[in-house]
Number of protein chains: 2
Amino acid sequence: MSATLAADAEFERRRLAGEQILFLATGEIGLPVLPELREHLVAASGRNAYGPVAGSADVRLAAAGYWSRRGLPTDPADVVCGPGSKPLLFALMLAVGGDVVVPVPTWVSYAAQASLGGLRSIPVRTRPGEGGVPDPAELRSAVRQARAAGGDPRSVVVTLPDNPTGTIAKPETVRELAEVARELDLVIISDEIYCDLAFVPADQAVSPAHYAPERTIVTTGLTKSLAVGGWRLGVARLPTEALRTRLIGIASQIWSSTAAPVQAAAAYALAEPPEVVRYVAAARRLHERVVRRVADVFSTAGAELAPVQATCYLYPDFEPLRERLDVAGSNELTDLLSNRYGVALLPGTAFGEDPRALRIRAATSRLYGETDAERTAALAAPDPLTLPWISAAVDRLTEVLTELTKESNVHRHLRS
Amino acid sequence: MSATLAADAEFERRRLAGEQILFLATGEIGLPVLPELREHLVAASGRNAYGPVAGSADVRLAAAGYWSRRGLPTDPADVVCGPGSKPLLFALMLAVGGDVVVPVPTWVSYAAQASLGGLRSIPVRTRPGEGGVPDPAELRSAVRQARAAGGDPRSVVVTLPDNPTGTIAKPETVRELAEVARELDLVIISDEIYCDLAFVPADQAVSPAHYAPERTIVTTGLTKSLAVGGWRLGVARLPTEALRTRLIGIASQIWSSTAAPVQAAAAYALAEPPEVVRYVAAARRLHERVVRRVADVFSTAGAELAPVQATCYLYPDFEPLRERLDVAGSNELTDLLSNRYGVALLPGTAFGEDPRALRIRAATSRLYGETDAERTAALAAPDPLTLPWISAAVDRLTEVLTELTKESNVHRHLRS
């Protein structure tokens, strides 16, 4: 079971049982749908035909424009739409075949998807502060070693910007990765679902498709920037006709097509009219303010973390506090925070880390409000940190981390 | 690539090129959406959260009621919703694992799905006039033989009522199949997406879940009875907690959840309010009238086929006409019909048949009209066969089959 979706289910259970939970475990974007986006779904509610497996001409044209505006010239024929970028990533792994290199730390589903498809995954660590992209030098040696041992690595997955760390690999690192991929004849599967959520233009991720266009697949979706995860739509940009044909064949056998009314709404959104651009900008500012404030709270408590550059995630490491904490690893740490303090986070183990490491992931995307009114206010607020429900969450987290890391824990620990 | 979805794409290409095609190749239901169903999608257009992987409480409750009213008592916790019954069937094959027995003839995707999941499929013929259910005696010997040879058959797929034949296995045959499955410890995956499209109550399919409730998974969806294939929603009814847990785990890694507005509409539809029942009844009558008329046309031309009892499909066998036809098998026959006469059908090879057999599948579901107005008229017509666009299609088919099978072909054939 996906660690994030399991955490969502557990939260819902505890919430219904009347518990007060500070929920920082998963990255569902708790914001209301842009009204114009809803209107496009509504207008397309009579569309009941399957349509093309690859997606309607409209949605492919809009996605091609979306990527072309980002410096990746795209023909609508290069685009395949699917019911989320998650199923697209799964089908892409099947389409490429062979072993899959995944970054560490890594999004919860890449390795699980490879395994469901009968493929082996090869973990390769990222550089500090540059999550999502396996260190190119380590990638080279891991792939050579796997091949020498009879393995068949054919692709490498990257996440730009990164989940879980909220960081963005430097263009130079992406370029090196692209060169290694070319040298070793690897397909790059670049998951860029957070590409519109980089806080400052200078940090903007550069897609490996710029450096190795002949071998890079790019995926994205509406889930993160437009908060419609529950509508299920993603798009992939394919570099070759062979890969596209294979992906469409697999899609035709697994899911047929993507919900037609949602495709119509996506065609509108991916064309990026002004109100969509404004919504994404407002959401990005909101994430930035809140995630940076929460990062400060973790830093102040003594955890280590790289500056967050994008997304609504942060990935603090409690290693400097190990002596003060009565825990063996990240599972025990998140259990303690959940059971004793009602703070829900995900342990580093969910992201492929060694169980002894004290890394955990926090997501701020569910702090924006409980009701549509609160969430709309958060999106519009000049300073969302002054909203009572957000400041209360920050205060509570501060209090919990202070309590968790105070010296007396060490004494209790030593006594026991 | 799915044979049906490939045929849809080819049809669309030829239609846009201005060709007049009599399209009988695939079973997309060409009818407008029930207005009340649209309204429920519209009302839920603000739902943007993922929600539970298994589906909302509402849709699971409605599906449980739907099955309970059909004599299969169901707890909402036994239900898993997915983006179509197709992805559910794929995930179920992965969840059960091992080799999969499929009927012959068979729906185009079962074996392809097994293969994508790295599983082997074992074809077993159905009894004449009882498509969709592998002959129980042959099932027993095929499974024993596979196991003796080191194979690992763990499940058998059945289609009730059947696609491609439009027939329904007798309750006695289903009971025998259930007994063999129990004897051999096989899971039964019962695809019942056409279960509301049996023309007369006496023919109604009996689910294997009646005879082997402990080992039968049932799937269905909105695609066929409510004509919303393009909305992508299916539901599965699981017999054990172990299977349900495995299915939900796989679903969480492949598709996360089903489009939330579509789930809300499905919750309404599966509760079967009077207008939904009326719509399904009208669609069923329309299919019955047209499919039986088209079956007569094939019979009159000399093809053999079992009486059609359900769905919008028929599966004529041109074997009695082999001498009059200048073709080696079903691929050549459908190519001839498509290229010379502009009639699109699918060859038996798409359904797992021997290429030399002259079986082909026709679907009538795209004859109901080109526009929403025509389609609405077809749904409401006391006798749809009198509508000009439907009677023209029947006349054209009659003409083509007369031309195809006339004696002079033999002479031309003998001369060449």
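Colleague: Which word fits Ser330(B), buried or exposed?
Modeller: In this predicted model, the relative accessible area of Ser330(B) is 0%. The cut-off for a buried residue is under 20%. Ser330(B) therefore counts as buried.

Colleague: In which element of chain B does Ser330(B) lie?
Modeller: The element in question covers residues 330-341 of chain B. Ser330(B) belongs to that stretch, which is helix α11.

Colleague: Which backbone nitrogen lies 3.2 Å from a polar atom of the side chain of Ser330(B)?
Modeller: Outside its neighbours within four places in sequence, Ser330(B) is in contact with Pro347(B), Gly348(B), Thr349(B), Pro355(B), Ala357(B), Leu358(B), Arg359(B) and Ile360(B). For one of these residues, the backbone nitrogen is 3.2 Å from a polar side-chain atom of Ser330(B), and that residue is Gly348(B).

Colleague: What separates the C-alpha atoms of Ser330(B) and Pro355(B)?
Modeller: Pro355(B) is among the contacts of Ser330(B). Along the chain the two are 25 residues apart, while the separation of their C-alpha atoms is 6.1 Å.

Colleague: Where in chain A is Thr167(A) found, and what is its relative accessibility?
Modeller: Thr167(A) sits in the loop that runs between β6 (153-159) and α7 (171-183) of chain A. The residue counts as buried because its relative accessibility is 2%.

Colleague: Which backbone nitrogen lies 2.8 Å from a polar atom of the side chain of Thr167(A)?
Modeller: Beyond its neighbours within four places in sequence, Thr167(A) is in contact with Gly129(A), Glu130(A), Gly131(A), Pro161(A), Asp162(A), Ala306(A), Pro307(A) and Gln309(A). The backbone nitrogen that lies 2.8 Å from a polar atom of the Thr167(A) side chain is that of Gly131(A).

Colleague: Which peptide bonds are cis, with omega near -10° and near 25°?
Modeller: Pro161(B) is found in the loop between β6 (153-159) and α7 (171-184) of chain B, and Pro164(B) lies in the loop between β6 and α7 of chain B. The cis bond with omega near -10° runs from Leu160(B) to Pro161(B). The cis bond with omega near 25° runs from Asn163(B) to Pro164(B).

Colleague: How are α4(A) and α8(B) oriented to each other?
Modeller: The axes of helix α4 (residues 85-96) of chain A and helix α8 (residues 241-254) of chain B come within 7 Å and cross at roughly 95°. Angles from 65 to 115 degrees fall in one class. The orientation of α4(A) and α8(B) is therefore roughly perpendicular.

Colleague: How many nonpolar, polar and charged residues does the contact of α4(A) with α8(B) have?
Modeller: From α4(A) the contact uses Lys86(A), Pro87(A) and Phe90(A), and from α8(B) it uses Ser252(B), Gln253(B) and Ile254(B). Sorted by class, these are three nonpolar, two polar and one charged.

Colleague: Where does Ser257(B) lie, and which residue of chain A is in contact with it?
Modeller: Ser257(B) is placed in the loop between α8 and α9 (260-270) of chain B. At 1% relative accessibility, Ser257(B) counts as buried. Apart from its neighbours within four places in sequence, Ser257(B) is in contact with Tyr50(B), Gly51(B), Pro52(B) and Val53(B), and also with Arg232(A).

Colleague: Which backbone oxygen lies 3.1 Å from a polar atom of the side chain of Ser257(B)?
Modeller: Tyr50(B), Gly51(B), Pro52(B) and Val53(B) are among the contacts of Ser257(B). The backbone oxygen at 3.1 Å from a polar atom of its side chain is that of Tyr50(B).

Colleague: What is the phi of Thr311(A), and what is the phi of Ala227(B)?
Modeller: Thr311(A) is in the loop between α11 (274-300) and β10 (313-314) of chain A, and it is buried at a relative accessible area of 0%. Ala227(B) is in the loop between β8 (216-221) and β9 (234-237) of chain B, and it is buried at 3%. Each is a residue other than glycine with a positive phi. For Thr311(A) phi is near 70°, and for Ala227(B) it is near 60°.

Colleague: How far apart in space are Ala281(B) and Asp196(B)?
Modeller: Ala281(B) is found in helix α10 (residues 274-301) of chain B and, at 16% relative accessibility, counts as buried. In sequence Ala281(B) and Asp196(B) are 85 residues apart, and in space, C-alpha to C-alpha, the distance is 8.5 Å.

Notes. Residues numbered from 1 in each chain as written. Chains lettered and ligands numbered in written order. Predicted model: local features only at pLDDT ≥ 70, side-chain atom pairs only at ≥ 80, totals over all residues. Heavy atoms only, no water. Helix = DSSP H or I, 4+ residues; strand = E, 2+ residues; numbered from the N terminus. Buried < 20%, exposed > 50% of the residue type's maximum accessible area, 1.4 Å probe, protein only. Contact = heavy atoms within 4.5 Å. Polar contact = N/O pair within 3.5 Å; in protein donor to acceptor, adjacent residues only side chain to side chain. Axes fitted to C-alpha atoms, helices over the stretch in contact; angles between N-to-C directions. Parallel < 35°, antiparallel > 145°, perpendicular 65-115°, else oblique. Nonpolar A, V, L, I, M, F, W, Y, C, P; charged D, E, K, R; others polar.
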